[in-house]
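Grab your viewer and work through a few exercises on the complex shown below. Try each task yourself before you read its solution.

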Amino acid sequence: MQKGQYIRLLVAVAANPSTVVAAAKQMALHGSAQTEDSSTKDTTGTDLEYEVVGQSYDITGSGLVLTPNDTLLTGAVGLNDFENWIKDQLLNWRICVMEGTNNRTIVEEIAHGQGKLTNLQIQAQNKQNTTYNYTINGYGAIVPGTDDND
Amino acid sequence: MFTEETITSTQWSAQVDTYQSDTTALRSIISTFIAAQAVPVGWDQTAGAQNRVKQNANFKRNGNALLNDFTMSFNDRETVAVSLQFQGTGGLS
């Protein structure tokens with residue numbers, strides 16, 4: 001990452017992927033693998049060994065809701081757009097390195113995937129500022145981005 | 001009276017917290033998680049330039065472990081706080 005660049009989590013409704021409705025300034029990606037004991041079942045097998053039988057992940061993000069007049073990439077954003085999140089719609093998420101004015105220019109993609117909203121918290125705390133927190137449960141595979149330097 | 005027990009199995013895990021600014025390394029972490037296969041994990045004393053040279057200390061250990069959970073916090077400019085949790089599989093040598 002170059003000087004001045006940030007990483008952001010971008011989320012859009014999958015049905016309208018070109019419109020980004022949230023850009024989290026803080027995010028965490030929690031992944032976990034479900035395992036099954038495959039240890040040697042005799043007196044020599046004291047160290048547990050595992051076999052992965054499934055994987056899952058979720059993403060939590062938080063940030064400020066952008067104003068309806070803000071255009072991040074190609075779409076208008078605002079509180080109303082969360083209505084589509086709540087409607088059990090599939091969401092696209094992207095983790096991107098960004099730069100430029102207000103960090104609106106994507107430089108490269110770290111990873112992307114899809115998920116369903118499982119928790120949304122909207123706090124109207126200050127004049128003009130609204131904070132949101134959400135959790136997206138992963139749906140399908142995580143796809144690493146392509147490194148242009150490879 | 002104290003209970004005395006016989007150990008029938010052992011397990012181990014390891015956690016690493018670090019900062020990262022190399023996006024290729026971040027992609028590698030994600031790919032390691034997706035692969036769902038145990039990778040070599042070990043610890044040792046290090047020295048030299050940027051502490052990259054292993055010292056073969058008495059307490060060094062090597063094993064294989066699954067990257068089972070990771071957290072990336074992207075709140076910092078130019079750097080990412082990364083926490084990796086490994087679940088050991090098999091013994092430590």
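The exercises below go from conventions and confidence to folds, the sheet, two residues and the interface.

**Ground rules**

This is a predicted model, where local features need pLDDT of at least 70, side-chain atom pairs count only at pLDDT 80 or more, and totals for chains, interfaces and linings use all residues. Residues are numbered from 1 along each chain as its sequence is written, while chains are lettered from A and ligands numbered from 1 in the order in which they are written.

**Exercise 1. Find out what confidence the predictor gives the complex and chain B.**

Step 1: for the complex, the predictor reports an ipTM of 0.76 and a pTM of 0.81.
Step 2: for chain B, the average pLDDT (the predictor's confidence in each residue, from 0 to 100) is 90. In that chain, 100% of the residues score at least 70.

**Exercise 2. Write down the element order of each chain.**

Step 1: count the elements, using DSSP runs numbered from the N terminus (helices are H or I with at least four residues, strands are E with at least two). Chain A has 1 helix and 10 strands, and chain B has 1 helix and 6 strands.
Step 2: read along the sequence. Chain A goes β-β-β-β-β-β-α-β-β-β-β, and chain B goes β-α-β-β-β-β-β.

**Exercise 3. Describe the packing and dimensions of the chains.**

Step 1: take burial (a residue is buried if 20 or more other C-beta atoms lie within 10 Å of its own, exposed if 12 or fewer, partly exposed in between, with C-beta atoms placed from the backbone). Of the 150 residues in chain A, 29% are buried; of the 93 in chain B, 22% are.
Step 2: look at contacts (C-beta atoms, placed from the backbone, within 7 Å). In chain A, 58% of the contacts with a separation of 6 or more link residues 24 or more positions apart. In chain B, 54% of the contacts between residues at least 6 apart join residues at least 24 apart.
Step 3: check the radius of gyration of chain B, taken over C-alpha atoms, against the globule rule (2.2 Å times the number of residues to the power 0.38). A compact globule of 93 residues would come out near 12 Å, but chain B has 17 Å. Its C-alpha trace spans about 55 × 30 × 30 Å along the principal axes.

**Exercise 4. Lay out the sheet of chain B and place the helix on it.**

Step 1: order the strands, with two strands paired if DSSP finds at least two bridges between them. The order is β1-β6-β5-β2, an open sheet of 4 strands with antiparallel pairing. Its edges are β1 (13-20) and β2 (39-43) of chain B, each pairing on one side only.
Step 2: add the geometry. Axes are lines fitted to C-alpha atoms, for helices over the stretch in contact, and angles run from 0 to 180 degrees between N-to-C directions. From one strand to the next the twist averages 45 degrees.
Step 3: walk through the pairs. β5(B) and β6(B) share 9 bridges, with Met72(B) partnered by Val82(B). They make a hairpin with 6 residues between them, and Glu78(B) in the turn has a positive phi of about 70 degrees. On to β2(B), which pairs with β5(B) over 5 bridges; there Pro40(B) is partnered by Asn64(B).
Step 4: add the helix. α1 (residues 23-35) of chain B lies across β1, β2, β5 and β6, at about 110 degrees to β5(B).

**Exercise 5. Why do Trp43(B) and Gly91(B) count as partly exposed?**

Step 1: Trp43(B) counts as partly exposed because it has 15 C-beta neighbours inside 10 Å. This residue lies in β2 of chain B and stands opposite Arg61(B) in β5(B).
Step 2: Gly91(B) counts as partly exposed because it has 16 such neighbours. Gly91(B) sits in the segment after β6 of chain B. Leaving aside neighbours within four places in sequence, Gly91(B) contacts Asp47(A) and Gly63(B).

**Exercise 6. Work out what chain B brings to the contact with chain A.**

Step 1: the contact takes 29 residues from chain B and 35 from chain A.
Step 2: on the chain B side, α1, β5 and β6 each supply at least two residues, and the largest share, 8 residues, comes from α1(B).
Step 3: by class, that side has 10 nonpolar, 15 polar and 4 charged residues. Here Ala, Val, Leu, Ile, Met, Phe, Trp, Tyr, Cys and Pro are nonpolar, Asp, Glu, Lys and Arg are charged, and the others, Gly among them, are polar.

Conventions:
Contact = placed C-beta atoms within 7 Å.
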